[in-house]
Amino acid sequence: MKLNLNSLMSVATVLIVNIHHNSRTSCLKLPHYTKPCSRHDPNLNECVVKHGQAAIPQFINGDPKYRVPKMDPLFIKQLTVNQGSRSIGLALTLRDFKIYGLRNIKFKKARTLLEKQHIEWDFEIPQVQILGTYNISGKVLVLPITGSGDANVTITNLKITYKYDWTYVTRNNKQYMNITTSKLLFENGRTYFDLKNLFNGDKVLGNNMNYFLNDNWAEVTKELGPAVGDAIGEVFRQLLTSIAELVPWEYIYPDKV
């Protein structure tokens, strides 16, 4: 699968629109709604999950001071997928779409390896709904598909693992985490498709194709799901990078709390 780099850049643009991006901003402490965890806490992972889950409702509503946009719905300007597998060969573009449901995210587990500068977080989301406009052409399994119009895609039982590594950089005698690599693993349950105006508005062909997509949701999602996962992963990376650039490491994982 090829995920258009411009799509990810558009995600990043959305996240910082109307917010002056300056990595040299004076250091901030964690938001008042986010409690730190001592790096020496024997139950560090449990602390991270507890405090992280408590902060999610605040982050979801956005916090411009920390460059955090409103995340439910999460607006993404464009996402382009060029798929060339044996079973699915299509070009799909989603424009001006919104993702609903992130406010219901559950922080399940954390694996915090500070000495290795590596962290992993596990999340679950019962359901997300993607609403926007689409343009599609190519084939799905054995059938040709073409059309443009409104799209409604609902994905259930998302399981996300987000991993990242960092180095340290020093600014004004404070150490900050510099995110070097990150990766999002993405699994989901049932997916539902409703694409309007397929085949230039031919209702018979359009209804049959929607039925076919929903009847073969597992195969279709296997091919297209990673694109959504990559978009969500880019959001995670941007949010994490924003916080890491603004809040010194010693405030995130202090010696004592």
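In this predicted model, the largest nonpolar core has 73 residues. Within this core, Trp121 and Tyr164 have the most contacts. Helix H4, spanning residues 217-246, gives the most to the core. Its share is 13 residues.

The surroundings of Trp121 were examined next. Neighbours within four places in sequence were set aside. Beyond them, Trp121 is in contact with Val48, Phe107, Lys109 and Ala110. Ile160, Thr161, Tyr162, Tyr164 and Leu240 complete the list. Trp121 thus touches Tyr164, its partner in having the most contacts inside the core.

Aromatic pairing was then searched across the whole structure, and 11 pairs were found. Trp121 and Phe123 form one such pair. Their rings lie 6.3 Å apart, centre to centre, with 85 degrees between the planes. The arrangement is edge-to-face. Both residues, Trp121 and Phe123, are buried.

Tyr164 and Trp166 make another ring pair. Here the centres are 5.9 Å apart. The planes meet at 45 degrees, so this pair is tilted. Angles from 30 to 60 degrees fall between stacked and edge-to-face. Tyr164 has a relative accessibility of 2% and therefore counts as buried, the cut-off being under 20%. Trp166 is also buried, with a relative accessible area of 2%.

Ring pairs also join residues into a cluster. Its members are Phe107, Trp121, Phe123, Tyr162, Tyr164, Trp166, Tyr168, Phe236 and Trp249. Both pairs described above belong to this cluster: Trp121 with Phe123, and Tyr164 with Trp166.

Charged side chains also sit over aromatic rings. The charged end of Arg171 is placed over the ring of Tyr176, at 3.9 Å from the ring centre. Arg190 lies over the face of Tyr192. In that case the distance to the ring centre is 4.5 Å.

Attention then turned to Asp194. This residue lies in strand S8, which covers residues 191-195. Its relative accessibility is 30%, so Asp194 counts as partly exposed. The range for that class runs between the buried limit of 20% and the exposed limit of 50%. With residues up to four places away in sequence not counted, Asp194 touches Asp150, Ala151, Asn152 and Asn210. The side chain of Asp194 also makes a polar contact with the side chain of Lys196, at 3.4 Å. Leu213 is 19 residues from Asp194 along the chain. The C-alpha atoms of Asp194 and Leu213 are separated by 8.8 Å.

Terms used: Residues are numbered from 1 along each chain as its sequence is written. This is a predicted model: local features need pLDDT of at least 70, side-chain atom pairs count only at pLDDT 80 or more; totals for chains, interfaces and linings use all residues. Side-chain values use heavy atoms; hydrogens and water are left out. A nonpolar core is a set of buried Ala, Val, Leu, Ile, Met, Phe, Trp, Tyr and Cys residues joined through side-chain atoms within 4.5 Å. Buried means under 20% relative accessible area, exposed over 50%, partly exposed in between (1.4 Å probe, protein chains only). Helices (H or I, at least four residues) and strands (E, at least two) are DSSP runs, numbered from the N terminus. Contact means heavy atoms within 4.5 Å. Rings of Phe, Tyr and Trp (its six-membered ring) pair if their centres lie within 6.5 Å; planes under 30 degrees apart count as stacked, over 60 as edge-to-face and the rest as tilted. A charge sits over a ring if NZ of Lys or CZ of Arg is within 6 Å of the ring centre and within 35 degrees of the ring normal. A polar contact is a pair of N or O atoms within 3.5 Å; within protein, one must be able to donate a hydrogen and the other to accept it, and residues adjacent in sequence count only if both atoms are side-chain atoms.
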